[in-house]
Amino acid sequence: LHRPTFEKAVADELHLRDDGFAAVLLLVCAVGSHWSDDPRTLLDGVTAKTSAGWKWYQQVQQAKSSVLAPPSLYDLQYYCLSVMFLQGSCQPQQCWTLVGIGIRMAQDVGAHRKKHHQELTAEEELWKRGFWCLVAMDRTFSSGLGRPCAVQDEDFDLDFPVECDDEYWDHPDPSQRFKQPPKKPSYITGFVVFLKLYQVLTIILRTIYAINKSKIVLGFVGKQWEQHIVAELDSALNKWVDSIPEHLRWDPNRENVDHFQQSVAIYCQYYYIQILIHRSFIPSPRKPSPLSFPSLAICTNAARSCSHIIDVYRRRGFIATPQIQIAVFTAGVVLLLSLWNNKRSGMTSDPGKVMDDIHKCMQALRLFEER
């Protein structure tokens, strides 16, 4: 969404005349309800916070335009916001399917292709934002559920979203539109950093987690391909970390709240993806690892770092968003696996420290449990 455009449309009561925008407005109310303690967001006669937002979401289908009509920008925003609501609800199972439908709609109108004209418009940028949101969510749910992505990187050539905050899109001087003030980092930069990280995630899903036929088609055969691809992925991840802007690097005491929250999400996803690279190669008594990498130690260190970050986040009064929760849950499982492995192998490391990190993950997840 573009906040000034959205707020102007609400003030003009566009939702009373346009069913597409009415659906978007209802979904914004539904998504915002996840983070509200106001009892008016709950279903009538219900006290459970898991019912927050459903009174608006249930009205959306009544306002939705026909699926036979050409997709509009509001349709794309509908799927983005629907997934954002459902992924934080008690019924997230349809998110992967909805993301796929949204991507198909975007491709139907060419929103996945690069535009070659000079002048950038607000509507064009909103299409771009919507498509990239769907791509990011597609990667998230595909990796979390072990399912294929709806679109691959070679299927689109769209530029990344413009790193310019909403309030600088419009200007009386056309030459000053979409110009971010110097020395003021854009909040969209954090999203672009995310998208670049997800490019690495896409390669992981298409190599390490591909089914056997896909591996053969892509040429991943022989005894050394796994060693080679893991080394390449580790290198790509290291290059990505080095490219993170200074204002988004991890600092537990960062004063800018928005940048702090973005940094938490970025680094939690980074450690989650590091775990994904090495998780399949954690050795077991029945299946030794084919790699020379200490995969369990790498996963354990990543999980420990993730638990420390989310603990700082919780202590500063924030609740883990659904996007972060999969990383925190995975970190907790890896730490448990490490604890059991140490016990089985007779290692003398202090189990209390590992349990402390596991409890940090559990405490962060428990805060969102009632929602």
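Seven helices each supply at least two residues to the lining of the largest pocket in this predicted model: helix H1 (3-11), helix H2 (19-33), helix H4 (73-86), helix H6 (122-145), helix H7 (188-207), helix H10 (257-279) and helix H12 (322-345). The largest share of that lining, 8 residues, comes from H6. In total, 43 residues line the largest pocket, and those that lie nearest its centre are Met84, Cys133, Phe191, Gln262 and Gln323. By class, the lining divides into 25 nonpolar, 12 polar and 6 charged residues, around a pocket whose volume is about 2,000 Å³.

The second largest pocket holds about 570 Å³ of space. It is lined by 18 residues, of which Gln87, Pro92, Pro322, Gln325 and Ile326 are the closest to its centre. Here helix H5 (95-108), H6, H12 and helix H13 (351-369) each supply at least two residues of the lining, and the largest share, 5 residues, is that of H12. The lining of the second largest pocket is made up of 10 nonpolar residues, 7 polar residues and 1 charged residue.

Apart from these pockets, the structure holds 2 cavities of 30 Å³ or more. The largest cavity encloses about 50 Å³ of space, and its lining consists of Trp132, Val135, Arg139, Asp153, Phe156, Leu195, Tyr198, Gln199 and Thr202. The elements that give two or more residues to this lining are H6 and H7, with H7 giving the most, 4 residues.

The volumes and the classes of lining residues are set out below.

| Space | Volume | Lining residues by class |
|---|---|---|
| Largest pocket | about 2,000 Å³ | 25 nonpolar, 12 polar, 6 charged |
| Second largest pocket | about 570 Å³ | 10 nonpolar, 7 polar, 1 charged |
| Largest cavity | about 50 Å³ | 5 nonpolar, 2 polar, 2 charged |

One residue of helix H10 can be described more closely, namely Gln274, which lies in that helix. Is Gln274 buried or exposed? Its relative accessibility is 16%, and because buried means under 20% relative accessible area, Gln274 counts as buried. When residues up to four places away in sequence are not counted, Gln274 touches Leu237, Ile298 and Ala302.

Helix H10 therefore appears in two parts of this account, since helix H10 supplies at least two residues of the lining of the largest pocket and Gln274, which counts as buried, lies in helix H10.

Methods:
Residues are numbered from 1 along each chain as its sequence is written. This is a predicted model: local features need pLDDT of at least 70, side-chain atom pairs count only at pLDDT 80 or more; totals for chains, interfaces and linings use all residues. Side-chain values use heavy atoms; hydrogens and water are left out. On a 1 Å grid over the protein atoms alone, a cavity is a set of points where a 1.4 Å probe fits but cannot get out, and a pocket is an open set with protein on both sides within 12 Å along at least five of seven lines; lining residues have an atom within 4 Å of a point. Grid points are joined across faces, edges and corners, and a volume is the space filled by probe spheres set on the points. Ala, Val, Leu, Ile, Met, Phe, Trp, Tyr, Cys and Pro count as nonpolar, Asp, Glu, Lys and Arg as charged, and the others, Gly among them, as polar. Buried means under 20% relative accessible area, exposed over 50%, partly exposed in between (1.4 Å probe, protein chains only). Contact means heavy atoms within 4.5 Å.
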